[in-house]
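Could you open the model in your viewer and keep the selection panel handy? We will go stop by stop, choosing something to select and then looking at what is there.

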Amino acid sequence: MALFRNSLTYVWLFLVGTTLVSWWLGATTAVADIDASALSLNFTVTVGIILIAVVKTRFVIWHFMEVRHGPSWLRWTCDSWLAFLAVMVIALYRYSM
Amino acid sequence: MLSGDGAAIERVPDFEMADQQTQSRARFPGQPAMWFFVIGDLWIFTCYFACYAFDRGQHSAGFLQGQLTLSQGIGVFNTILLLTSSLLVAFCVQAAREGATALARRLLLLGGGCGIVFLLVKASEWYLKISTGLPEGSDSFFVYYFMLTGLHFLHVCLGLVILALVFRELKKAGPPHVAFVESGAIYWHLVDLLWIIIFALLYLLR
Amino acid sequence: MQTKDQRICLWIAPFFGLLFVFAFWNFQGFFPPMSPTMSAEEVAAFYRDHLGHIRSSMILCNVIGVSLIPFFTVIVVQMMRMNNASRVFSYSYLIAVINGGTLFALADLAWLNAAYRPDRDPQLTMLLNDLAWFAFITPVGFVLVQNFCLAMAVYLDKGPAPIFPRWVAHFNIVTALLMAPSAFALMYKTGPLAWDGAISFWLHIATYALYIAVMFFVLRSAVQKQADEETMLQSSWKEQTA
Amino acid sequence: MTGATLASIAGGESRKGRLLSNPKLDQWICFWSIPVFYILFGVIFVLLGRIMPPPTPTMSTENIIAFMTSPNLSLAVVLLALSLGMYALNSGLMLTQMKRMVGVSPVLRYAYIAVLGVGGLPGCLFPGYMFALGAFRPEYDPEILAMLYDLGFLCFVGSLGCFIIQYVVFTIAVFLDKRGIFPKWLGYFSIWTLVTELVATPVFITQTGPYAWDGLLSFYQGTLIWVAWQTSVTICLYQAIKNQPLEELGLPLKENEL
């Protein structure tokens, strides 16, 4: 069936895979009780999770929203927004911790 | 069921060729007004995420407390559900571009169905959360939780309305208005995209 | 367009006007008006002494509170018939009428609530009494816009036979200006601008009553003119077909 | 209305001695009342009354009494009582342009009228009266003053329902309109204002943080997007009036259509 050999299906598989990875990453520390040592681990985990989310979002924008065929200004706007979001969330979280 | 009726099968081979074709020339997906809305919506949600990140940093213990009561399993299931519905809607756009409106309509129905299941799962999650009561000290987390998931819930509802309009468009005789179908799909992908970020920030963040 | 319905709406106004006069006369707090300088105990005492009058008159006011709306909608219909360039003034007039109507209801409810339990803490009774007087005297913004819209519509009525004579526009502007200063009753407790003062109360009520009366007669002649036009139209139509 | 009157309207320039002979004079009057109203709105709420940006919900009673007895709070409410009617002119103009839309039935206009009839009071005048009551008698007990303070701000920042429905009706009208009197992106813009109004719902629950009535998300973001929306609506209204064809003016009214 052409639908399964379509490039979008591979993108979908990738996205589901990364979701499971970030779940595994986020879940493992749930067992560890919350104490100072776990907190430092938390930050690396947090950055990991946010980066995974950013990568997933970029894939959705480029492949599902077909921005990869779109004009360059649209590509640039979406990417710069995504970068700004990631940097800002990580910075705010780190700064206010 | 996905194979569609006889007419769709002959046209399926050039389905892939269409895929290569689109790569060659730059083409503006959907209508500009929809992009105006999508980009603006992203910025509005950016403000919410910024406030959430800042508050999360300040009293992270309370947020962790609240977050532990959320079940990540349901969150992951919801994420995969919306990803699947996004895939189906993307296939629907490609089918519509090919003129296989019958196949496109079926894919759209499946995508919308996943969206409705997402709403039901989310509503039941809220109901469980409210009935079991919120752990004290984490109510600031739950204001964010209900606000972000609530707004996303409304976006999904609006998305379903737009998908219904696309479905009506595909029902018309003759070639469908492709830009309109693309815009509807772009909005649905926006909804999926927002959920990916909300899921990461609310459920997984440590 | 048949004008019988407009005549009915028109004749509603004097009937309810009389009821209003009776209700205001029966409400001891109007003649002479309660002064804002009364202390909380005096206000509470006033409510205890005149409980029967206050309740009866305010219940009547509640019933007929919004009865002048049909009268104002007749004005809107006549404004629709003017050949201005667009209906913007009629729409604005209608929205101002809706807003104005709801405020008198708020005032009336505040009085009734104050009179419901006279043995409340006097300060609460005074608070409700103040709110009632504010909502009754001070919302002149809507009347200003109403009269302004009617005046502009009449000025810009370029038709061969204008619906309203031009002096009606001047009259509307003057009444609006006379009622405008009563908004300052929010600030002053004594003097002519207080809510029991000469300008804010007596001038306001007298101007409003005069306005309704004069507009009633103007509208009656306008509706009559419209009826004559229609009969003339029908008679000429019958001649052609006969 | 015969053709003669139509000509007289369109040929206004030829009439000698008419100073303002612009055929769309009535719409321009209402149009220029919009900036005047919003300047007054700014003076009333920001400069005089210091109601916008709102003080914190967790204010001590002395500050509340100080806020209530601030000298020109009641003057602000007086100006509000005088000028609130101008919003009706703005709405009348919107309705006139909505009447020109093709494919939009009058039901949306009637809904718009009804919603605007309701919207102005709980959102603007009623909070004003609460502050005026506090300013009128500062000798009330502190709890009564605190109650007036809360009632005023909760009504002012929290009255959402009527404005949400106004945006919904306007969005539907813009999307259904086939003549494109208002651009489609304006329809999407009012969806945002609708979203930001919804974000203000927790105003009634929390007293601190970004969702309180002075919070970053429920007040500042909502006001910012509302100001941007109102500016873009005013610009689009200007365009709509300017390129309204002259022969459309002075059309006779269909029998039963408002």
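Before the first stop, one cut-off will help: angles under 35 degrees count as roughly parallel, over 145 as roughly antiparallel, 65 to 115 as roughly perpendicular, and the rest as oblique. Keep in mind, too, that this is a predicted model.

**Stop 1: a helix pair in chain C**

Select residues 4–26 of chain C, helix α1, together with residues 69–81 of chain C, helix α4. The two pack at an angle of about 140 degrees, and their axes are 8 Å apart. α1(C) and α4(C) are therefore oblique to each other. Their crossing is left-handed.

Now show side chains. On α1(C), the contact is made by Gln6(C), Cys9(C), Leu10(C), Ile12(C) and Ala13(C). Facing them from α4(C) are Pro70(C), Phe71(C), Thr73(C), Val74(C) and Val77(C). Colour this contact by class and you will find 8 nonpolar residues, 2 polar and no charged ones.

**Stop 2: where chain C meets chain D**

Next, display chains C and D together. Among the 3 pairs of chains that touch, this pair has the most contacts. Here 41 residues of chain C are in contact with 47 residues of chain D. Which elements of chain C give two or more residues to this side? They are α5 (88–116), α6 (122–137) and α7 (141–155) of chain C. α5(C) provides the largest share, with 11 residues. By class, the side of chain C that touches chain D has 28 nonpolar, 10 polar and 3 charged residues.

**Stop 3: where chain D meets chain B**

Keep chain D and add chain B. At this meeting place, 16 residues of chain D are in contact with 14 residues of chain B. Select α9 (184–199) and α10 (216–242) of chain D, each of which supplies at least two residues of the side that touches chain B. The largest share, 8 residues, comes from α9(D). That side of chain D has 12 nonpolar, 3 polar and 1 charged residues.

**Stop 4: chain B by itself**

Hide the rest and colour chain B by secondary structure: there are 8 helices and 0 strands. How much of chain B counts as buried? Of its 206 residues, 48% do. Among contacts in chain B between residues at least 6 apart in sequence, 82% join residues at least 24 apart.

**Stop 5: pairs that do not touch**

Finally, bring all the chains back. No contact joins chain B and chain C, and their closest C-alpha atoms lie 29 Å apart. Chain A and chain D do not touch either, with their nearest C-alpha atoms 14 Å apart.

Terms used
Residues are numbered from 1 along each chain as its sequence is written. Chains are lettered from A and ligands numbered from 1 in the order in which they are written. This is a predicted model: local features need pLDDT of at least 70, side-chain atom pairs count only at pLDDT 80 or more; totals for chains, interfaces and linings use all residues. Helices (H or I, at least four residues) and strands (E, at least two) are DSSP runs, numbered from the N terminus. A residue is buried if 20 or more other C-beta atoms lie within 10 Å of its own, exposed if 12 or fewer, and partly exposed in between; C-beta atoms are placed from the backbone. Two residues are in contact if their C-beta atoms, placed from the backbone, lie within 7 Å. Ala, Val, Leu, Ile, Met, Phe, Trp, Tyr, Cys and Pro count as nonpolar, Asp, Glu, Lys and Arg as charged, and the others, Gly among them, as polar. Axes are lines fitted to C-alpha atoms, for helices over the stretch in contact, and angles run from 0 to 180 degrees between N-to-C directions. A crossing is left-handed if the near helix is turned anticlockwise from the far one by less than a right angle, and right-handed if clockwise.
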